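Colleague: Thanks for making time to go through this model with me. Shall we take it one feature after another?

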Amino acid sequence: ALRLAPSVIIHALSIMTVLRQRPLFGNLEKALASRKNPPTKPSWEREKGLGLQFDFGEYRLKIATAEGSQDEVVIYEDCSMISTRVWDCSVLTAKYLENIAMKDRKLPDLRLSLNLPSTGDRPLQVLELGAGTGLLSVCLAKLGAAVLSTEYGNSVKFLKKNCVDNEVEVPTAADGEKWTPTPGRVTSCELDWFNANQTLESMFAEGQETVFDLIVVTDCSLTQKDSQGVLEMIHKFGTKGHTRAVLGACKEREGTPYCFENIPKEFKNVKTVPEEDYHPDYASSRYVIWTFEMLPP
């Protein structure tokens with residue numbers, strides 16, 4: 001017969017004793033529930049290691065709709081270019097605009113929330129500069145605006161795909177067709193900030209009121225040249241005494257100091273959005289959002 005050394009027997013008995021006592025410790029759920037400081041919800045931010053994950057491919061965001069419901073925007077990313085991934089600043093700005101549009105209302109109203117001039121019977125007409133994946137444009141359309149969404153080069157096809165996939169893209173009969181603003185819809189087109197042949201009048205189809213009520217742009221201050229280009233486009237396509245702009249920027253970008261210095265010089269009623277106006281689930285101190293108006297003629 002196999003004989004065990006006394007030390008082995010004692011060790012085996014001690015393990016059995018621990019196993020019998022294990023229920024006294026409870027399961028993991030009970031242990032977590034009893035902690036004074038339970039784990040916090042992961043940050044919504046994906047940049048600088050603040051988010052839960054870093055794999056890209058499909059980004060999802062819930063947004064209010066003009067009908068009073070909620071919809072899920074699904075954005076495809078491939079990260080082959082700087083413009084083909086969702087950047088945190090566009091998410092922050094989209095949720096900020098949703099938050100103020102829905103404040104004390106059952107249905108979103110961007111015009112009233114931003115104190116924009118009356119548009120009469122026509123929709124709110126929005127121009128997005130540097131739209132990237134189209135997340136902000138799609139969200140603005142869901143909120144009821146008519147959006148002209150612009151990008152450059154191969155990015156335009158990527159932008160258009162996301163607008164089509166989210167069922168907000170207005171199909172055009174031919175390339176270069178002029179814009180007919182349609183509420184709740186996006187039209188995607190190319191705009192080169194540094195070689196912009198378009199004029200405000202040339203963008204609109206015949207019979208349309210040639211004015212943008214709102215110009216939006218986010219995270220386009222990578223360099224000082226980019227920031228200069230953004231402000232030039234706002235001057236070019238904004239209407240003095242009418243158009244308002246919403247510009248979001250990451251404080252860490254090289255070109256953001258140019259915005260801090262020049263926006264107050266070149267525009268009026270410049271305001272920095274306080275963090276308490278951000279959506280409560282989408283706030284950050286890494287960014288700044290300005291609202292401002294064109295100088296009167």
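Colleague: How are H3 and H5 oriented to each other, roughly parallel or roughly antiparallel?

Modeller: Keep in mind that this is a predicted model. The axes of helix H3 (residues 88–102) and helix H5 (residues 135–142) cross at roughly 10° and come within 9 Å. Angles under 35 degrees count as roughly parallel. H3 and H5 are therefore roughly parallel.

Colleague: Into which classes do the residues of the contact of H3 with H5 divide?

Modeller: On the H3 side we find Ser90, Val91, Thr93, Ala94 and Leu97, and they meet Leu135, Leu136, Cys139 and Leu140 in H5. Sorted by class, the contact of H3 with H5 has no charged residues, two polar and seven nonpolar.

Colleague: Happy to move on to the other helix pair. How are H8 and H9 oriented to each other, roughly parallel or roughly perpendicular?

Modeller: Helix H8 (residues 224–237) and helix H9 (residues 256–266) have axes that come within 8 Å. Those axes cross at roughly 25°, and the cut-off for roughly parallel is under 35 degrees. H8 passes H9 in a right-handed crossing. The two helices H8 and H9 are therefore roughly parallel.

Colleague: And how many charged residues does the contact of H8 with H9 have?

Modeller: H8 brings Gln224, Ser227, Gln228, Leu231 and His235, which meet Thr256, Tyr258, Cys259, Asn262, Ile263 and Glu266 in H9. By class, the contact of H8 with H9 divides into four nonpolar residues, six polar and one charged.

Colleague: Now the open sheet, please. Which are its edge strands?

Modeller: Seven strands form this open sheet with mixed pairing, and their order is S5-S4-S3-S6-S7-S9-S8. An edge strand pairs on one side only, and that holds for strand S5 (186–190) and strand S8 (268–272).

Colleague: Which residue in S6 does Glu128 stand opposite?

Modeller: Strand S3 (residues 125–129) pairs with strand S6 (residues 214–218) in the parallel sense, over four bridges. Opposite Glu128 in S6 stands Val216.

Colleague: One more, on charges. How many residues apart are Arg286 and Glu45?

Modeller: The structure holds 16 salt bridges. One of them joins Arg286 to Glu45, with the closest N and O atoms 3.5 Å apart. Arg286 lies in the loop between S8 and strand S9 (287–293), while Glu45 lies in the loop between helix H2 (28–33) and strand S1 (58–64). The pair thus links distant parts of the chain, and its separation is 241 residues.

Conventions:
Residues numbered from 1 in each chain as written. Predicted model: local features only at pLDDT ≥ 70, side-chain atom pairs only at ≥ 80, totals over all residues. Heavy atoms only, no water. Axes fitted to C-alpha atoms, helices over the stretch in contact; angles between N-to-C directions. Parallel < 35°, antiparallel > 145°, perpendicular 65-115°, else oblique. Left-handed = near helix turned anticlockwise from the far one by under 90°. Contact = heavy atoms within 4.5 Å. Nonpolar A, V, L, I, M, F, W, Y, C, P; charged D, E, K, R; others polar. Pairing = 2+ DSSP bridges. Salt bridge = Lys/Arg side-chain N within 4 Å of Asp/Glu carboxyl O.
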